[in-house]
Structure formats: C-alpha cells, structure tokens
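Subject: Handing over the structure

Dear colleague,

I am passing on the structure below, together with an account of what was found in it. Please look through it once before reading on, and then follow the text with the model open beside you.

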Amino acid sequence: MAKLVVLSEGLTGLTYELKVDKTTIGRLEDNAFQIGEPSVSSHHCELIQRGNDIVVKDLNSTNGTFINGEKITESAFKPGQILRLGQVEMRLESGSGTTPTVAPAKKPLDKTIVIGIQAQDLDKGTRPVSFETSPAFSKKSNKVNKIFIAAAIVLGVLIIALIILSFVNLKT
C-alpha cells in the first residue's frame, strides 16, 4: 500500500497510508491528512487513486502544489517523487507501511500564510504579507545623509565659484 512520508523539518517522520480512493490534504481537521503548517492551505490538494496510479489535484491552494519542483494543477504522482505543499515536502513510497501517524496541530490556524509573491499581485502593486506597525519597521531619520548632502552642495558651489574666478583672472 502506498504512503506519504513527510520530509520537512519539524514534521519529519509523519506518514499517512493511502487506503481510500480519494484523500484530501490540508491544514483543517476535516481533511483525511491534516498538516498543521501555515503555508499549507485549509484544503490544499487531493490524491485520487485510479487503478495502480495516483493523481494529485490542486484545490486552488494559495501557495501551489508541486511535484519534483514543477507546479501542477493535476498530475500523476509516482513512488519516489517529492510532493510540495507550501513549504512542506513529502515523498510517495510504495509497499507496506505502518498505521497512519498524524501529528496534532500546534495551535488552531485559520488563515494560510502566503510564502511568496503571486504573479497577479505584481500587477496590482500590492503586497501579500503586511507587517504590523512596530518600531523595528518604522522609518528612521538619517541626519548623516542630510549633512553629507548639504556639505556636497556647499563644496560644489565653492568649486564653481573658483572656476569662475579663475576665468575672470585669466582674461584680465
């Protein structure tokens, strides 16, 4: 029987046997295989068994579904390949396995965290992740730059004045 083995740090060793024809994977508890990680969508993807083949279908996830680094909407998934959901990677293994081991979510997560900029967001000029206002992200005043610019202007005016003065002295 085929099983998924999670490879990502913090979830290493988490496995799930594919016993039924359709397995949903996501962050919420109503999924067959729950992965409590913020980059995984609430209903991220489903694995469908068609005979001896397994097909992965993305469920319009926020951070995408990838097989061996290629983004997919629906694709065949073969033993040994790596499935990535958000930042979580898992490998499909064939053969007999142990009973499913599902790690409980650390805390209830009700929102998917976006891990990159979506192409459609670039056109809008929006940022997918907003930082809360904090002193670490506040604009800092830089007096050294202001003094440097003022000194450069004064020096530039002096150089121009000296050049004009030297031309006047040469003509007389």
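Where is the place of Asn 52? Asn 52 sits in the loop between β5 and β6, and this loop is a useful starting point for the rest of what follows. Please bear in mind throughout that this is a predicted model.

To stay with the loop for a moment, Asn 52 has a relative accessible area of 83% and is therefore exposed. Although Asn 52 and Lys 78 are 26 residues apart along the chain, their C-alpha atoms are separated by 9.9 Å. Gly 51 also belongs to the loop between β5 and β6, and with a relative accessible area of 69% Gly 51 counts as exposed, because the cut-off for that word is over 50%. The C-alpha atom of Gly 51 is separated by 9.1 Å from that of Asp 21, a residue 30 positions away along the chain. The strands β5 and β6 form a hairpin with two residues between them, and in this hairpin Gly 51 takes a positive phi near 70°.

Stepping back to the protein as a whole, there are two helices and 11 strands, and reading along the sequence gives the pattern β-β-β-β-β-β-β-β-β-β-β-α-α. The protein has 172 residues, of which 31% are buried. Among the contacts with a separation of 6 or more, 44% are made by residues 24 or more positions apart. The exposed area of the protein is about 11,900 Å², with carbon and sulfur atoms supplying 58% of it.

The hairpin strands belong to an open sheet of five strands, which has mixed pairing and the order β4-β3-β5-β6-β9. Strands β4 (33–34) and β9 stand at the edges of this sheet with a single partner strand each, so that one side of each has no neighbour in the sheet. As a reminder of what holds such an arrangement together, strands of a sheet pair through backbone hydrogen bonds, either parallel or antiparallel.

Within the sheet, β5 (residues 45–50) and β6 run antiparallel and are joined by six bridges. In this pairing Cys 45 has Asp 58 of β6 as its bridge partner, while Glu 46 is matched with Lys 57, also in β6. Strand β5 is also joined to β3 by four bridges, and these two strands run antiparallel; here Ile 25 stands opposite Cys 45 in β5.

Is Thr 23, a residue of β3, buried or exposed? Thr 23 lies in strand β3 (residues 22–26), and at 1% relative accessibility Thr 23 counts as buried, because the cut-off for that word is under 20%. Leaving aside residues up to four places away in sequence, Thr 23 touches Tyr 16, Leu 18, Ala 32, Phe 33, Cys 45, Glu 46 and Leu 47.

Strand β1 (residues 3–6) has its own pairings. It is joined to β2 (residues 15–17) by three bridges, and the two run antiparallel, with Val 5 standing opposite Thr 15 in β2. Four bridges join β1 to β11 (residues 88–93), again in an antiparallel arrangement, and in this pairing Lys 3 stands opposite Glu 93. In a regular strand the side chains alternate between the two faces of the sheet. In β1, Lys 3 and Val 5 point one way and Leu 4 and Val 6 the other way, and all of these residues are buried.

Finally, there is a pocket to look at, which brings us back to the loop. The second largest pocket holds about 190 Å³ of space. It is lined by 13 residues, and those closest to its centre are Ala 2, Asn 52, Asp 53, Ile 54 and Pro 79. Two strands, β6 (53–58) and β9 (74–77), each supply at least two residues of this lining. By type, the lining residues of the second largest pocket divide into seven nonpolar, four polar and two charged.

With best regards

Methods:
Residues are numbered from 1 along each chain as its sequence is written. This is a predicted model: local features need pLDDT of at least 70, side-chain atom pairs count only at pLDDT 80 or more; totals for chains, interfaces and linings use all residues. Side-chain values use heavy atoms; hydrogens and water are left out. Buried means under 20% relative accessible area, exposed over 50%, partly exposed in between (1.4 Å probe, protein chains only). Contact means heavy atoms within 4.5 Å. Accessible areas come from the Shrake-Rupley method with a 1.4 Å probe; for residues, only the protein chains shown count as cover. On a 1 Å grid over the protein atoms alone, a cavity is a set of points where a 1.4 Å probe fits but cannot get out, and a pocket is an open set with protein on both sides within 12 Å along at least five of seven lines; lining residues have an atom within 4 Å of a point. Grid points are joined across faces, edges and corners, and a volume is the space filled by probe spheres set on the points. Ala, Val, Leu, Ile, Met, Phe, Trp, Tyr, Cys and Pro count as nonpolar, Asp, Glu, Lys and Arg as charged, and the others, Gly among them, as polar. Two strands pair if DSSP finds at least two bridges between them.
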